[in-house]
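Trainee: I have a new model open. How should I read its overall build?

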Amino acid sequence: MYKFGGSPWYAADNLSSKSFICWNCNNQVASSKGYKTFDEQFLKRVYICPHCAAPNIYDVEGKTPISSLPGKEIKKLPENIQNVYDEVRKCMQTNSFTGAVMLMRKIIMNIAVHEGAEENKSFVYYVNYLCDNGIVHKKSKKKADSIRDLGNDANHEIENRTQEEAQNCLGFIELLLMANYEFADEEEAEE
Ligand SMILES: [Zn+2]
C-alpha cells in the first residue's frame, strides 16, 4: 500500500459524495473531499480516500485508470507464488490483461511441476495434469476448460488478452491457490 497520510491535501474542495472501493487500501469508502474541474461539461474529479488519503481519479466519463484490486487475498502462499500473484492482481487493476494472463500461466505451470508434472511441457499439458490428478476438483473442470485456449504454445507470438479472459483465468488461479495452499492439510502445506 502506498502512503498518502500524514498531512492533509492542500485546498481540497467539497464534492458531491461518491462511494467507491479505493485502489490503494481496498476499503469500500464514501468521500466528498477532493478536486474537480470548473467546467461541468468536462467534469473530471479526484476523490481523496478518507481511509488512506490516496487520490482516486475519475475522467469525464467516470472511468478510472486504477480500479480496486481484483482477486482474493489468499493465505499461506509460498513467497515466490505470493509475489507473482500480487503482480497479477496489480496488472488486472491497471487493465494490463495480457501481462496478467502470462503471469497466471506461469503460476499454473509452477503448481503442476510442484505437484509432480514433467518440466518443459505445454500449457495445455499442465492444465490437463492438474485436472487428471485431482488437483483441480472434478466439479471445477468447466473453469479449467475455459482457460485451456490460453495455451497458445504452438507459435510463440504474444496475443493480446481481454479482460474477460484474464478474469476467467484469475478465477481458476484463486481456486487452485486456495485448494493447494490456504485449505491444504498442514503436513502437505509444509512439504
Ligand atoms: Zn484508501
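Mentor: Start with domains. Domain bounds come from an automatic or database domain assignment. This is a predicted model. The assignment gives domain 1 (1-67) and domain 2 (79-189).

Trainee: How far apart do the C-alpha centres of domain 1 and domain 2 lie?

Mentor: They lie 34 Å apart.

Trainee: What order do the elements take from the N terminus on?

Mentor: The order is β-β-β-β-α-α-α-α-α-α. That comes to six helices and four strands. The radius of gyration is 20 Å, well over the 16 Å from the globule rule for 191 residues, so the protein is more spread out than a compact globule. The C-alpha trace spans about 60 × 40 × 25 Å along its principal axes.

Trainee: Now the interior. Which residues have the most contacts inside the largest nonpolar core?

Mentor: First the general idea. In soluble globular proteins, nonpolar side chains tend to be buried together. Here the largest nonpolar core has 37 residues, and Met104, Ile108 and Leu177 have the most contacts inside it. Helix 1 (79-93), helix 2 (97-114), helix 3 (123-132), helix 4 (141-148) and helix 5 (163-182) each give two or more residues to this core. Another core, of eleven residues, lies apart from it; Leu15, Phe20, Trp23 and Ala54 are among them.

Trainee: What does Leu177 touch?

Mentor: Leaving out residues up to four places away in sequence, Leu177 touches Ile74, Leu77, Ile81, Tyr85, Ile107, Ile111 and Glu182.

Trainee: What share of the 191 residues is buried?

Mentor: Buried residues make up 36%. The accessible surface comes to about 11900 Å², and 49% of that belongs to carbon and sulfur atoms.

Methods:
Residues are numbered from 1 along each chain as its sequence is written. This is a predicted model: local features need pLDDT of at least 70, side-chain atom pairs count only at pLDDT 80 or more; totals for chains, interfaces and linings use all residues. Side-chain values use heavy atoms; hydrogens and water are left out. A nonpolar core is a set of buried Ala, Val, Leu, Ile, Met, Phe, Trp, Tyr and Cys residues joined through side-chain atoms within 4.5 Å. Buried means under 20% relative accessible area, exposed over 50%, partly exposed in between (1.4 Å probe, protein chains only). Contact means heavy atoms within 4.5 Å. The radius of gyration is taken over C-alpha atoms; the globule rule is 2.2 Å times the number of residues to the power 0.38. Accessible areas come from the Shrake-Rupley method with a 1.4 Å probe; for residues, only the protein chains shown count as cover.
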